[in-house]
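Here are a few notes to read alongside the model, written as numbered points. I hope they help as you look around.

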Amino acid sequence: MRPVGRRRGALLVLAVVLALIAAGCGGKEKSTGTQAATGSALKGLVTDGVLTVGTELPAPPFWIGDDYDSLTGGFEVDLVKEIAKRLSLGSVKFVEMPFSGLVAGQPCPCDINFSQVTITPDRAKVVQFSESYFDANQGVLVKKGTKVSGLEDAKKLRWGGQINTTGVAYLNDKVKPTVEPQVYEKTVDAFTALSAGQIDAVMLDTPIVLGAVKEKQVPDGEVVGQFKTGEQYGAVINKDSQNLAAFNQVITTLKSEGFVETLFKKYFTDQASVPVIG
């Protein structure tokens, strides 16, 4: 009887081990299936197997480089490449999409657009926004020697900004300068006007103007302060796209894993040092 009992005990142990192994294998298969489902959930891509991403250059350090085919890095460049990887897409293609048209609801020739776009109720009427991935305030870009310590100083300046931006809206609604702000089609046009002395200051998102100074887009440029506006960026997806949920799933995961925070520390180490002036 004892030999039979030992044999039954051994068979029971073997059965338990095999069950655990099967459960482990089943778990791996389930995980792989989930990743595949995430990638295959994307519908109507511009090009099968490719994530086509729209933006407007230049925009350092979100996008490093002036050529859509030879970008060398940047916060949003690194982010979209990781998104494509998580969605099991083979490659990423970057295409031009003017910011002014994007926020007005013009269709982007892309699957998703990253252009440092603040999420607002009015914009959400004409485009779909992803989960937010970046927080920003409005920065004050001037040439060295110009002092802006508060709202009263700001009111006296000749301002410039990019059309359809929250920076221009903040100037008109909150700062209310004595001279009407100049509005430009592109950020580089505003930077050129500042360099030429046609305006005294540019109001744009703090990370954008910091990037302009770092890349010397404005000789002797300096970010002397920021107005605390608490804005959040979201990726823009065309209104008729069915891929919002899939993009949101990946962005939420990258935020929870700390990937987005790592990118922030890599590209925006100096943002926290800009004084808040209003």
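1. At roughly what angle do the axes of helix 2 and helix 8 cross? Before the answer, please keep in mind that this is a predicted model. The axes of helix 2 (residues 75–86) and helix 8 (residues 244–257) come within 10 Å, and the crossing angle is roughly 115 degrees. Because of that angle, helix 2 counts as roughly perpendicular to helix 8. This crossing is right-handed.

2. Now to the residues behind that crossing. On the helix 2 side you will find Leu79, Glu82, Ile83 and Arg86, and they meet Phe247, Val250, Ile251, Thr253, Leu254 and Glu257 of helix 8. Sorted by class, the contact of helix 2 with helix 8 has 6 nonpolar, 1 polar and 3 charged residues.

3. Helix 2 has a further partner to look at, helix 9 (residues 259–267): the two pack with axes 10 Å apart, at an angle of about 155 degrees. Helix 2 and helix 9 are therefore roughly antiparallel. Their crossing, too, is right-handed. From helix 2, Phe75, Asp78, Leu79 and Glu82 take part, and from helix 9, Phe259, Val260, Leu263, Phe264, Lys266 and Tyr267. The residues of this contact divide into 7 nonpolar, no polar and 3 charged. Leu79 and Glu82 appear in the contacts with both helix 8 and helix 9.

4. Next, the strands. Strand 1 (residues 50–55) and strand 2 (residues 91–96) run parallel and are joined by 6 bridges. If you want a place to check the register, Gly54 stands opposite Val95 of strand 2. Between these strands the chain passes through helix 2, giving a β-α-β crossover that is right-handed.

5. The loop between strand 1 and helix 2 deserves a look for its prolines. Pro58 lies in this loop, and the peptide bond leading to Pro58 from Leu57 is cis, with omega near -5 degrees. Pro61 is found there as well; a cis peptide bond, with omega about -5 degrees, joins Pro60 to Pro61. For context, most peptide bonds are trans.

6. One last backbone detail is at Gln116, in the loop between strand 3 (112–113) and strand 4 (128–143). Gln116 is not a glycine, yet its phi is positive, near 55 degrees. Most residues other than glycine have a negative phi.

Methods:
Residues are numbered from 1 along each chain as its sequence is written. This is a predicted model: local features need pLDDT of at least 70, side-chain atom pairs count only at pLDDT 80 or more; totals for chains, interfaces and linings use all residues. Side-chain values use heavy atoms; hydrogens and water are left out. Two strands pair if DSSP finds at least two bridges between them. Helices (H or I, at least four residues) and strands (E, at least two) are DSSP runs, numbered from the N terminus. A crossover is right-handed if, with the strands pointing away from the viewer, the path from the first strand over the helix to the second runs clockwise. Axes are lines fitted to C-alpha atoms, for helices over the stretch in contact, and angles run from 0 to 180 degrees between N-to-C directions. Angles under 35 degrees count as roughly parallel, over 145 as roughly antiparallel, 65 to 115 as roughly perpendicular and the rest as oblique. A crossing is left-handed if the near helix is turned anticlockwise from the far one by less than a right angle, and right-handed if clockwise. Contact means heavy atoms within 4.5 Å. Ala, Val, Leu, Ile, Met, Phe, Trp, Tyr, Cys and Pro count as nonpolar, Asp, Glu, Lys and Arg as charged, and the others, Gly among them, as polar.
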